[in-house]
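Q: Please take a close look at one residue on the surface. Then work outward to the helices, the charged pairs and the pocket.

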Amino acid sequence: MRSRWLLIIFGPALLMLLGSLAAMVFLPHPVPRTATPAQRLYLSNCATCHGSRDLTDARKMDALSDEYLYTLIKNGGATLGKPGMPAFGYHLNDEQIRELIRYLRTLPRR
């Protein structure tokens with residue numbers, strides 16, 4: 001009898017938790033319809049990890065060369081001593097990476 005009450009009380013909460021986790025994993029990150037191609041690249045590939053990070057600090061971003069950012073995005077951070085950054089060279093072509101870097105350069109000015 002007691003286990004039945006526990007199931008009645010905690011069952012719906014557990015189902016809501018599992019449903020929320022499944023939605024976070026399987027539903028795509030929302031990208032506004034008015035987003036530019038560069039913003040779409042950022043929101044689709046970068047915002048999941050960097051959305052709230054300090055990419056708007058002009059001093060930090062200006063200290064990084066375009067070539068460094070290009071290598072970091074294309075080959076991943078392991079080649080530059082930043083193992084947490086995955087490589088996007090298989091997902092983005094060279095022009096998309098350069099477009100993304102141009103967009104990143106505008107973030108500190110916003």
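A: Start with F26. Its relative accessibility is 68%, so F26 counts as exposed (over 50%; buried is under 20%, partly exposed in between; 1.4 Å probe, protein chains only). This is a predicted model, in which local features need pLDDT of at least 70, side-chain atom pairs count only at 80 or more, and totals for chains, interfaces and linings use all residues. Numbering runs from 1 along each chain as its sequence is written, and side-chain values use heavy atoms, without hydrogens or water.

F26 sits in helix α1, residues 2-26 (helices are DSSP runs of H or I, at least four residues, numbered from the N terminus). F26 also belongs to a nonpolar surface patch. The other members are L14, L17, L18, L21, M24 and V25. Together the patch residues have about 790 Å² of accessible area (Shrake-Rupley, 1.4 Å probe). Patch members have over 30% relative accessible area and no salt bridge, with nonpolar side chains joined within 5 Å.

S3 is another residue of α1. S3 counts as exposed too, at 55% relative accessibility. Measure from S3 to M61, C-alpha to C-alpha, and the gap is 57 Å. In sequence, S3 and M61 are 58 residues apart.

Now the charged pairs. The model has 3 salt bridges (a Lys or Arg side-chain nitrogen within 4 Å of an Asp or Glu carboxyl oxygen). D66 pairs with R105, with the closest N and O atoms 2.8 Å apart. D66 is in α5 and R105 is in α6 (residues 94-106), so this bridge ties together parts 39 residues apart in sequence. D94 pairs with K74, and here the closest N and O atoms are 2.7 Å apart. D94 is in α6 and K74 in α5, so this contact ties together parts 20 residues apart in sequence. R102 and E95 form a salt bridge as well, at 2.8 Å from N to O.

How exposed are these side chains? D66 is partly exposed, at 41% relative accessible area. D94 is partly exposed at 37%, and its partner K74 is partly exposed at 26%. R102 is partly exposed at 47%. E95 is partly exposed at 46%.

Helix α5 also leads to the largest pocket. That pocket has a volume of about 560 Å³. (A pocket is an open set of points on a 1 Å grid where a 1.4 Å probe fits, with protein on both sides within 12 Å along at least five of seven lines; lining residues have an atom within 4 Å of a point.) The lining has 22 residues, and H50, L55, L72, K82 and M85 are the closest to the pocket centre. Helices α2 (37-45), α3 (47-50), α4 (58-62) and α5 (66-75) each supply at least two lining residues. The most come from α5, with 4. By class, 14 lining residues are nonpolar, 4 polar and 4 charged. Here Ala, Val, Leu, Ile, Met, Phe, Trp, Tyr, Cys and Pro are nonpolar, Asp, Glu, Lys and Arg are charged, and the others are polar.

Notes
Points joined across faces, edges and corners; volume = space filled by probe spheres on them. Patch = residues over 30% accessible without salt bridge, like charges linked within 9 Å, V, L, I, M, F, W, Y side chains within 5 Å.
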